[in-house]
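This report describes the fold, the nonpolar core and one strand pairing of a single protein chain. The sequence and the structure come first, and the description follows.

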Amino acid sequence: MSITVCTGKLHRVRVTGAKLDYEGSITIDPILMEAAGIVPFQLLHINSMANAVHWETYAIPGKPASGEICLNGCPARLFQPGDEVIILSLEQITRAEAAKIEQRVVYVDAKNKPIRTEIKKTSKIHASKSLQKLKNSSA
């Protein structure tokens, strides 16, 4: 059985464009895509910091080193240049794989240039062990 896990995140990137007359997707600077582990055509979740709007679409690479974050098609009505968004990349993996996942969180400057990438690892403490400790402490 597989579960959906967030494996990458572009944190507080700024929308640089919104093209309504386009067939859909989000165009992302390929340097940002690589830093977050996003591959072309991968399904992404885009969340607005301003109004909590949530959109799902697929990634297409833009011009390298451009800082481009452009919402194409329908989401161009929801996201405008200058908006800060969080972009999440998700993967379907097994629970065993999820226990070993390393999530890449990419932080950017005001021009969407990567300034830091944080690798988050899953905890070695499983929920069942935490629950057992909780039970033991209340007994």
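A nonpolar core is a set of buried Ala, Val, Leu, Ile, Met, Phe, Trp, Tyr and Cys residues joined through side-chain atoms within 4.5 Å. In this predicted model, the largest such core holds 21 residues, and those that touch the most other members are L10, I26, I28, L44, I69 and I87. Several elements give two or more residues to this core, among them those in the table below, and α1 supplies the largest share, with four residues.

| Element | Residues |
|---|---|
| β1 | 2–14 |
| β3 | 25–28 |
| α1 | 30–36 |
| β4 | 43–48 |
| β6 | 69–72 |
| β7 | 84–94 |
| β8 | 102–108 |

For I87, leaving aside residues up to four places away in sequence, the contacts are G8, K9, L10, V13, I26, I28, L44, H45, I46 and I69.

As for the fold around this core, the protein has three helices and nine strands, arranged along the sequence as β-β-β-α-β-β-β-β-α-β-β-α. Of its 139 residues, 37% count as buried, while the accessible surface comes to about 8,300 Å², with 56% of that area belonging to carbon and sulfur atoms. Among contacts between residues at least 6 apart in sequence, 75% join residues at least 24 apart.

Strand β8 also pairs with β9 (residues 114–121) in the antiparallel sense, over seven bridges, and V105 stands opposite E118 in β9. The hairpin of β8 and β9 has five residues between the strands, and N112 takes a positive phi near 65° in this hairpin.

How values were computed:
Residues numbered from 1 in each chain as written. Predicted model: local features only at pLDDT ≥ 70, side-chain atom pairs only at ≥ 80, totals over all residues. Heavy atoms only, no water. Buried < 20%, exposed > 50% of the residue type's maximum accessible area, 1.4 Å probe, protein only. Contact = heavy atoms within 4.5 Å. Areas by Shrake-Rupley, 256 points an atom, 1.4 Å probe, with all protein chains shown as cover. Pairing = 2+ DSSP bridges.
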